[in-house]
Amino acid sequence: MNRPTGVPPDRRNQPLLDEVTAYIREMIMSGQIAQGEHVRPEPIAGILGVSNTPIREALLTLRGEGLIELVPRRGFIVASVSENDVRDLFWSQAVFASELAARAALVITPEQIVELERIDAAFEQATHDGDTATVAELGHRFHRIINLAAASHQLTVLLDSVVKRLPNRFYASMEAHVASSRDDHRGLVRALADQDAGAARAITQRHILDSADTVLAILGSAGVTAEVTSA
């Protein structure tokens, strides 16, 4: 297992188990731990400065997500991730997010529209500057306002459970490299301002599904995904 690049994540804003799980998920989805590789808790515990217990709990969580296998007499092994697995995540995200956007269109406030316009302007500047970290943060804030405006707690929880499966850096690359992202944001703001639920749903769904190919290319170049072959 290669030592991950960067620094351990900031723990101030998330529970320890969530932080550790996100850290290992990032290592897997970035290709720093290869498919079929044995994952030992001790090195990760040393990097993060925690005991082995939260590492094992995180690996069991990732086993539930299909990223880790627990093999008798071998321990934790990185599972194979197919292109279909990733496309299923994007399809699920598109279903939940587009429904939230449609609901938000009927109840969003003028103040929230103004905030979306402000974020979108900053997003466009960050994209122009190639600042992918800011792009990711602003993209998250943009969609978060819409999701919260819909006032549907259960749908938001379901959406979050899907979104967390892909690390933020892939969403940064997705937003920065999909040419239609800025047009989609502007179109979505117009649809929300016009209370056009159908347009808000369609734009959100297209935006997410069109992004799948971009993220799959990133994952493929990192050796994370395996192509699906017919029997």
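Here are some worked exercises on a predicted model, each with a solution in short steps.

**Exercise 1. Confidence**

Find the mean pLDDT of the chain and the stretch where pLDDT stays under 50.

*Solution.* Start with the whole chain: the mean pLDDT is 84, and 84% of the residues reach 70 or more. Next, look for the weak stretch: over residues 2-7 pLDDT stays under 50, and the model has 10 contacts beyond four places in sequence for these residues. Where pLDDT is low, the predicted coordinates should not be read in detail.

**Exercise 2. Helix H3**

Check the span of helix H3 against its number of residues, then work out where its buried residues lie.

*Solution.* Step one is the span. Helix H3 covers residues 52-65, which makes 14 residues. At 1.5 Å a residue the expected span is 20 Å, and the end C-alpha atoms are indeed 20 Å apart, so the two values agree.

Step two is burial. Taking under 20% relative accessible area as the cut-off, you should find Pro-54, Ile-55, Ala-58, Leu-59, Leu-62 and Glu-65 as the buried residues of H3. Viewed down the axis of H3, these residues fall within an arc of 140°, so they line one face of the helix. A general rule helps here: an α-helix has 3.6 residues a turn, so residues three or four places apart point the same way.

Step three is the surroundings. The buried residues of H3 pack against helix H1 (16-29), strand E1 (38-39), helix H2 (41-48), strand E2 (68-71) and strand E3 (75-78). Finally, look just past the end of H3, where Gly-66 takes a positive phi of about 85°.

**Exercise 3. The sheet**

Give the strand order of the open sheet, and say which strands stand at the edges.

*Solution.* The three strands are ordered E1-E3-E2, with antiparallel pairing. E1 and E2 are at the edges, and each has a single partner strand, so one side of each is left without a neighbour in the sheet. Now take one pairing in detail: E2 and E3 run antiparallel and are joined by four bridges. Leu-70, for instance, has Phe-76 in E3 as its bridge partner.

**Exercise 4. Salt bridges**

Among the 12 salt bridges of the structure, compare the placing of the pairs formed by Arg-103, Glu-124 and Arg-206.

*Solution.* Begin with Arg-103, which pairs with Glu-99; their closest N and O atoms are 2.8 Å apart. Both residues belong to helix H4 (residues 83-107), and being four residues apart they are separated by about one helical turn. Arg-103 is partly exposed, at 35% relative accessible area.

Continue with Glu-124 and Arg-186, whose closest N and O atoms are 3.1 Å apart. Glu-124 sits in helix H5 (residues 110-129) and Arg-186 in helix H9 (residues 181-193), so this pair ties together parts that are 62 residues apart in sequence. Glu-124 is partly exposed at 34%, and Arg-186 is partly exposed at 29%.

Then turn to Arg-206, which forms a salt bridge with Asp-184, with 2.8 Å between the closest N and O atoms. Arg-206 lies in helix H10 (residues 197-221) and Asp-184 in helix H9, 22 residues apart, and the pair links distant parts of the chain. Arg-206 is partly exposed, with a relative accessible area of 40%, whereas Asp-184 is buried, with 4%.

**Exercise 5. A network**

Which residues are linked with Glu-115 in a network of salt bridges?

*Solution.* Follow the links from Glu-115: the network also holds Arg-118, Glu-137 and Arg-141.

Conventions. Residues are numbered from 1 along each chain as its sequence is written. This is a predicted model: local features need pLDDT of at least 70, side-chain atom pairs count only at pLDDT 80 or more; totals for chains, interfaces and linings use all residues. Side-chain values use heavy atoms; hydrogens and water are left out. Helices (H or I, at least four residues) and strands (E, at least two) are DSSP runs, numbered from the N terminus. The expected span of a helix is 1.5 Å times one less than its number of residues. Buried means under 20% relative accessible area, exposed over 50%, partly exposed in between (1.4 Å probe, protein chains only). The arc is that of the directions from the helix axis to the C-beta atoms. Contact means heavy atoms within 4.5 Å. A salt bridge is a side-chain nitrogen of Lys or Arg within 4 Å of a carboxyl oxygen of Asp or Glu. pLDDT is the predictor's confidence in each residue, from 0 to 100. Two strands pair if DSSP finds at least two bridges between them.
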